[in-house]
Amino acid sequence: MSSHPDPTSPSASRASAGEGTLLEARGISKSFGGVHALEDADFSCEAGEIHALLGANGAGKSTLVKVLSGVQRADAGTIALGGETVSFAGPADAARHGVATVFQELSLFPHLTVAENILIGHQPTGFLGQISQRRMRAEVRGLFDSLGVDHIAPGAHVSDLSLADRQLVEIFKALSKKPKLLILDEGTSALGRKEVQRLFDLLRKLKAGGTSVIFISHRMSEIREFVDRMTIFRNGRHVATVKAAEASDGEIVEMMLGQRVERSFPEKTAVETNAPPLLELSGFSAGSGLHDISLSLRRGEVLGLAGLEGQGQGTLLLALFGAYRGIGGEVTIAGKPAKVASPWDAKASGIALIPEDRKTEGLVLPMSVRENITFSVLGRLGRFGFVSPAKEKAFVARMMERLAVKAASMELPARSLSGGNQQKLVLAKWLETGADVFLFYDPTRGIDVGTKQAFYELIVGLTREGKGVILYSTETSELIGLCHRVAVMDDGRIALTLQGDDITEQDILAASLGVGRGRGEGAAVMEAAQ
Ligand SMILES: Nc1ncnc2c1ncn2[C@@H]1O[C@H](COP(=O)(O)OP(=O)(O)OP(=O)(O)O)[C@@H](O)[C@H]1O
């Protein structure tokens, strides 16, 4: 049974449990100081159901997940699993009861192998009780085969894997515990389209076998096609539980935000085509990952990077930000040769990067929201290197408002913010640094629809100020809606650049697959790919 979708209806404030209920949480409250992360919240999940938990950044989703998986204790409320009231002492206890969780923050040991990470704590042992590497790798290979994953070697070190592959390893780690309930908190945010489809295939198999899945994602299209029911949270409370087919995207967004939001892209800035380029690359290369890239970016322009996952899009952004040694070719900014041998060089040349892994690359988590925001602008706020506290506070307050950062105080550690709000901080950090070229690495991953809109305004706002933007996005609609040109990458090279009306989903996909280059032909490719 599901509640009525109308958020204003009193019946919608309680999720009711059905006969085959596996998990039922009732009246869960959890506060951090003055912040009510959860307030009298209900949530229930049936056996063999795929259930999405939706809500804006800071709605309390991750806190509920932490409570359900024994990481945090609720201040009030009850949890029943299979009809029995439970109170988990910790994640290991939750796992013993059949609850396995993939958290937003990855928890892998980079120096251990893939197999060691997946089977940590329950490694197969040999005849004399010793840990058997051979059996461990065989077991992991079997698990990979069941999902059709053949590109990750069980013996590889996690430190050598891409973020997408690390996320897959994290999911396999949870699956290796053979859970009754698998919770994925943004478990697919770093995965490409193909990997997501593969994961869904596996989850459907698990579901057929009676496993339940709770799934948190900000990618609406992903959720739609895949889940049975959806529960919407707002400000720490249960708003409604609906069948996936029962509510439109617009209605769900309205329930999440408490207001109607039309997703639309701001008008693109007009670009002076005869103006000299702001950034120019010629024969730019980085090791084996990037070959002979030549491109130009004008002031006011958004250049998109597309292609199948891992074709050099990320490498290009990172290399431009000085993250790689041994780069070749020439980089000029505003007609002058620019050095990008290190991030310091890149920053001095006027390049800013909004990185992919914002948790580890973008923020100093134990430091306060205020310190994180002012980190890269110190010196610009006051004279002679001294920062005036009043100016600093006013600046931070302005940035928080501009990006709608939800935090009870700017003195709280960045760690205490919800995932999406942490991402906004990274952006805030860079916005006022005086950079001319902004490199965005999939910037709206993991942020809610309302904030996405704010990000679009922000990106276009930068171009109106005469900045240039290179945008790598895994959301094709963003490339179409925001970019003047889209460079499709293949095997570390630019395969094709689309422009104006040629930037369509079909053409991007066709170019990514290296076939049917031209309008119309992409449609056939789309059908074939489905
Ligand atoms: N340890 C903590 N200390 C202080 N406040 C916290 C802590 N953990 C969470 N919060 C606050 O509780 C609220 C809910 O956060 P939560 O992480 O559950 O949101 P969320 O729905 O998962 O958001 P997102 O989509 O951004 O991941 C936020 O306002 C957050 O700042």
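# A tour from strand β16 to the ligand shell

Begin by selecting strand β16, residues 351-354, where Ile351 and Leu353 point one way while Ala352 and Ile354 point the other way, and where all of these residues are buried. In a regular strand the side chains alternate between the two faces of the sheet. Bear in mind, as you move through the views that follow, that this is a predicted model.

Next, add strand β17 to the selection: β16 and β17 run parallel and are joined by four bridges. If you want a pair of residues on which to centre the view, take alanine 352, which stands opposite phenylalanine 438 in β17.

From β17 (437-441), follow the chain into the loop that leads to α15 (449-464), and stop at aspartate 442, which is found in that loop. Aspartate 442 has a positive phi of about 45°, although it is not a glycine. Is this residue buried or exposed? With 22 other C-beta atoms within 10 Å, aspartate 442 is buried.

Now select aspartate 292, which likewise is not a glycine and has a positive phi of about 45°. Aspartate 292 is found in a strand, namely β12, residues 290-297. Its surroundings hold 14 C-beta neighbours inside 10 Å, and aspartate 292 therefore counts as partly exposed.

Two helices come next. Select α9, residues 313-320, which is mostly covered, since eight of its eight residues are buried; among them are Gln313, Gly314 and Thr315, together with Leu316, Leu317 and Leu318. Just after α9 you will come to glycine 322, which takes a positive phi of about 80°.

Then move to helix α5, residues 163-175, whose 13 residues reach 19 Å from the first C-alpha to the last, close to the 18 Å expected at 1.5 Å a residue. How many of the residues of α5 are buried? The count is 12 of the 13, so the helix is largely enclosed by the rest of the structure. The buried residues of α5 include Asp165, Arg166, Glu170 and Lys173 as well as Leu168, Val169, Ile171 and Phe172.

For the next view, display the open sheet of four strands, which has the order β2-β1-β4-β5 with antiparallel pairing. The edges are held by β2 (35-46) and β5 (84-86), each of which has a single partner strand, so one side of each is left without a neighbour in the sheet. Looking across the sheet, you will find neighbouring strands turned by 25° against each other on average, with direction ignored. To examine one pairing in detail, select β4, residues 76-81, with β5: these strands pair in the antiparallel sense over three bridges, and leucine 81 stands opposite glutamate 84 in β5.

Finish at the ligand by selecting the 19 residues around it, of which Phe32, Ala37, Ser62, Ser418 and Gly420 come nearest. The edge strand β2 appears again here, for β2, α1 (61-68) and α14 (419-431) each supply at least two residues of the shell. Coloured by class, the shell shows six nonpolar, 11 polar and two charged residues. Where does the ligand shell lie with respect to domain 1 and domain 2? Colour domain 1 (1-91 + 212-261) and domain 2 (279-529) separately to see that both give residues to the shell around the ligand, so it lies between them.

Note on methods: Residues are numbered from 1 along each chain as its sequence is written. This is a predicted model: local features need pLDDT of at least 70, side-chain atom pairs count only at pLDDT 80 or more; totals for chains, interfaces and linings use all residues. Two strands pair if DSSP finds at least two bridges between them. Axes are lines fitted to C-alpha atoms, for helices over the stretch in contact, and angles run from 0 to 180 degrees between N-to-C directions. A residue is near a molecule or strand if its C-beta atom, placed from the backbone, lies within 6 Å of it. Ala, Val, Leu, Ile, Met, Phe, Trp, Tyr, Cys and Pro count as nonpolar, Asp, Glu, Lys and Arg as charged, and the others, Gly among them, as polar. Domain bounds come from an automatic or database domain assignment. The expected span of a helix is 1.5 Å times one less than its number of residues. A residue is buried if 20 or more other C-beta atoms lie within 10 Å of its own, exposed if 12 or fewer, and partly exposed in between; C-beta atoms are placed from the backbone.
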